[in-house]
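Me: I would like to practise reading a structure, feature by feature. Please start with one side chain and how open it is to solvent.

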Amino acid sequence: MGPQEGQRDEEAAINNLDSSYHDDTGDDATIGPDAPLRASGRPSTDFDGLHLGAPSWRQRIAERVPRRLKSAWRSTVTWVKGPQPPRIFSITPVFPKVQHAPLALLDRSFSESIPGHGAPVRLSCSARYWNEGNGCGIDGNQCRPFTNATLAFRCPADCHKQLILNPHAVGDQEVVYKPLVVGGPTTSNLTGFDEDTLVGNAVYRGDSFICASAVHSGFISDAEGGCGVLTLAGEQQSFTASKNHGIESVGFDSYFPHSFAFLKGTRATCQDLRWPALGVSVFFTALLALFTTSPIVFFWCTFVILFFTTALATDPPSLPNYTGLLSLALGRFLPAAFCGWVTYRYTCARTLTNLTAQVEKMILWLGPAWVGALNNETFDRIPIQRLTPHDLHSQPGAIPALIIVVLSIFTIALGQAWSFRVEGRMPRYLLIYTIFVGALLLMLALPGLNLRIHHYILALLLLPGTSFQNRPSLVFQGLLVGMFINGIARWGFDSILQTPSELLQGAQGGTLLPAISVLATGARNITFDLGGLPRWDQKQKVLWDGISVLVNDVERFRGYGDDPLHWDGVQNGNFTWTWERHQAKQVDLDENTEAVKELPEYFRFGYMAGSRAGDFSKAGVWRGEEDWVDMKPGPSL
């Protein structure tokens with residue numbers, strides 16, 4: 001029998017079994033007249049009708065099965081299939097309010113979607129739309145859109161602590177060491193919006209910190225953070241200064257092309273998860289400290305919990321989503337674990353091995369470890385952001401704080417050195433720290449690079465000096481392990497040697513400033529003498545071949561010496577440029593009036609070397625015809 005014939009015979013047998021399965025009378029089942037093939041497999045003909053009733057071997061077996069067995073089989077199959085329709089099991093919680101509490105916490109912490117606006121984007125406390133200097137390009141085109149766009153966002157808690165560390169120009173003002181918030185509630189009608197559409201009728205310049213602005217407007221809570229929707233409001237005028245909810249904003253009495261406000265009725269129920277996550281992590285690490293005698297189990301469990309709590313909850317990097325956050329944390333964990341192994345092998349093992357003072361281990365080692373890991377909530381309150389001459393002289397209280405820190409480290413070092421002498425290990429560690437100091441001095445001598453000791457590097461340098469089993473070493477070691485974890489989980493392995501531009505990161509670089517003079521002013525325009533190009537900067541060793549002009553902190557002109565077509569003219573080898581005044585309409589809600597108002601305009605000038613911008617001058621102010629106020633000496637950015 002061929003394969004095709006066998007398959008057809010199999011189908012006929014199955015049909016016979018089905019007929020027997022449904023035959024309650026026990027009569028023999030027959031193959032119907034429409035069967036295409038006989039049992040032999042050859043095509044059916046008119047002479048085959050005599051053989052159609054011949055039972056197959058399967059039918060013959062089925063005929064011999066007792067009727068009761070068939071009935072039992074059918075009952076078994078029916079029972080196995082279950083009730084119709086099926087009844088689906090579900091558990092009704094005992095004490096539902098208690099068991100639903102974790103889900104309610106997650107619902108408050110993570111807002112999956114805001115109706116009509118999608119899932120919120122995770123923002124850091126320093127997130128903003130506008131870039132420094134001329135980073136948004138001519139007319140701000142690289143920071144578009146300006147209007148007709150919304151953003152669903154999520155802000156963490158405590159954004160009032162986020163300060164701007166480099167001087168930021170707002171017209172002729174400079175904002176530094178405070179939250180960058182420009183604007184607030186206003187009595188003027190906002191162009192394109194009804195008064196009842198926006199929270200507090202408050203509008204903010206596009207260079208403001210978004211989350212601090214949301215707190216200032218009262219849209220979200222600073223203690224919990226929150227989710228909501230902002231809308232881009234385009235060009236607005238006269239941003240009002242005010243102090244609300246613990247944040248003081250800066251005013252600006254002219255126009256700016258990019259602004260934003262917060263939409264009423266879009267606040268979602270989400271809050272910062274860092275404190276619940278911290279509570280759970282502290283609880284489990286405390287249990288480990290109390291009930292674990294193995295030093296390696298205690299160290300590595302604590303290390304992993306500290307790292308991922310910091311990287312994902314208490315001090316996460318500034319990324320817009322949690323998948324990217326988790327990816328970055330995992331990428332940083334492996335090299336951090338290697339440093340942790342070296343630290344444990346050569347430092348922490350000596351301190352933790354055979355340590356049976358479980359409560360003291362929890363208080364003196366684990367407690368300071370959490371203090372160090374929460375560096376953003378502890379040591380960041382010390383008024384020292386960067387060990388640069390500019391920051392130390394500019395930030396209030398930085399020099400006294402530095403003196404206290406240095407004296408404290410020196411005092412601790414003397415105590416630890418005495419401990420090394422008592423244990424007879426001073427010569428070895430004097431050699432180790434001599435190598436450390438020599439390496440640092442060698443790095444200081446490298447030309448074109450600056451030594452920057454990040455707090456994770458400081459922790460690695462000081463940890464070898466804590467390899468004792470005494471109470472001061474428990475405190476110092478736990479603190480340094482926490483500092484190391486915070487540095488890597490938050491910032492990564494930043495280099496110990498950095499170029500001056502990397503170190504400054506947008507701060508004033510001490511570059512050459514243009515010498516600007518006003519050639520003429522009129523009712524509607526003003527003409528400047530921008531000097532000659534190119535200019536050699538002896539201090540920076542840079543040839544400046546262009547110049548950039550910011551009007552109201554927005555780049556409105558960029559010209560180069562080898563492209564004279566972009567200039568308005570050349571006089572005595574100097575390039576000139578003319579600006580036409582911008583007029584703005586302003587509506588006063590209290591007076592219900594509309595008028596064309598000539599607003600002051602603020603001009604800042606800076607040299608360009610290709611696409612690189614140097615420092616910009618302080619702002620000169622043009623308030624009207626014959627009313628020009630010259631720039632003060634020095635840079636603004």
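Reply: Take Lys618, which is partly exposed at a relative accessible area of 23%. The scale runs from buried (under 20%) through partly exposed to exposed (over 50%), with a 1.4 Å probe and protein chains only. Keep in mind that this is a predicted model, where local features need pLDDT of at least 70, side-chain atom pairs count only at pLDDT 80 or more, and totals for chains, interfaces and linings use all residues. Residues are numbered from 1 along each chain as its sequence is written, and side-chain values use heavy atoms, leaving out hydrogens and water.

Me: Which residue does Lys618 meet in a salt bridge?

Reply: A salt bridge here is a side-chain nitrogen of Lys or Arg within 4 Å of a carboxyl oxygen of Asp or Glu. The partner of Lys618 is Glu174, at 3.1 Å from N to O. Lys618 sits in the loop between strand 26 (612-616) and strand 27 (620-624), while Glu174 belongs to strand 4 (residues 173-175), so the pair ties together parts 444 residues apart in sequence. Glu174 is partly exposed, with 38% relative accessibility. Strands (E, at least two residues) and helices (H or I, at least four) are DSSP runs numbered from the N terminus.

Me: Where do Glu580 and Arg524 lie?

Reply: First, the bond itself: Glu580 and Arg524 form a salt bridge, and their closest N and O atoms are 3.9 Å apart. Glu580 lies in strand 22 (residues 574-580) and Arg524 in the loop between strand 15 (517-521) and strand 16 (525-531), so this pair links parts 56 residues apart in sequence. Glu580 is exposed at 53% relative accessible area, whereas Arg524 is partly exposed at 30%.

Me: Which residues are joined into one network by salt bridges that share partners?

Reply: They are Asp158, Lys161, Arg274 and Glu377. Within that group, Lys161 pairs with Asp158, with 3.8 Å between the closest N and O atoms. Lys161 is partly exposed at 29%, and Asp158 is buried at 15%. A search of the whole structure finds 14 salt bridges.

Me: Arg274 also starts helix 7. How should I read a helix that has one side turned inwards?

Reply: Begin with its length: helix 7 (residues 274-291) has 18 residues and reaches 26 Å from its first C-alpha to its last, close to the 26 Å expected (1.5 Å times one less than the number of residues). Its buried residues are Arg274, Leu278, Ser281, Thr285, Ala286, Leu288 and Ala289. They cover an arc of only 155 degrees around the axis (taken from the directions from the axis to the C-beta atoms), which places them on the same side of helix 7. These buried residues pack against helix 8 (295-314) and helix 10 (358-373).

Me: Which residues form a nonpolar patch on the surface?

Reply: Val280, Phe283, Phe284, Leu287 and Phe291 do, with about 530 Å² of accessible area together. Leu287 lies in helix 7 and is partly exposed at 32%. Patch members have over 30% relative accessible area and no salt bridge; nonpolar side chains (Val, Leu, Ile, Met, Phe, Trp, Tyr) are joined within 5 Å, like charges within 9 Å.

Me: How many helices and strands does the chain have?

Reply: The chain has 16 helices and 28 strands, and 42% of its 637 residues count as buried. For contacts (heavy atoms within 4.5 Å), take residues at least 6 apart in sequence: 71% of those contacts join residues at least 24 apart. The accessible surface, by the Shrake-Rupley method with a 1.4 Å probe, comes to about 33400 Å², and 60% of that belongs to carbon and sulfur atoms.
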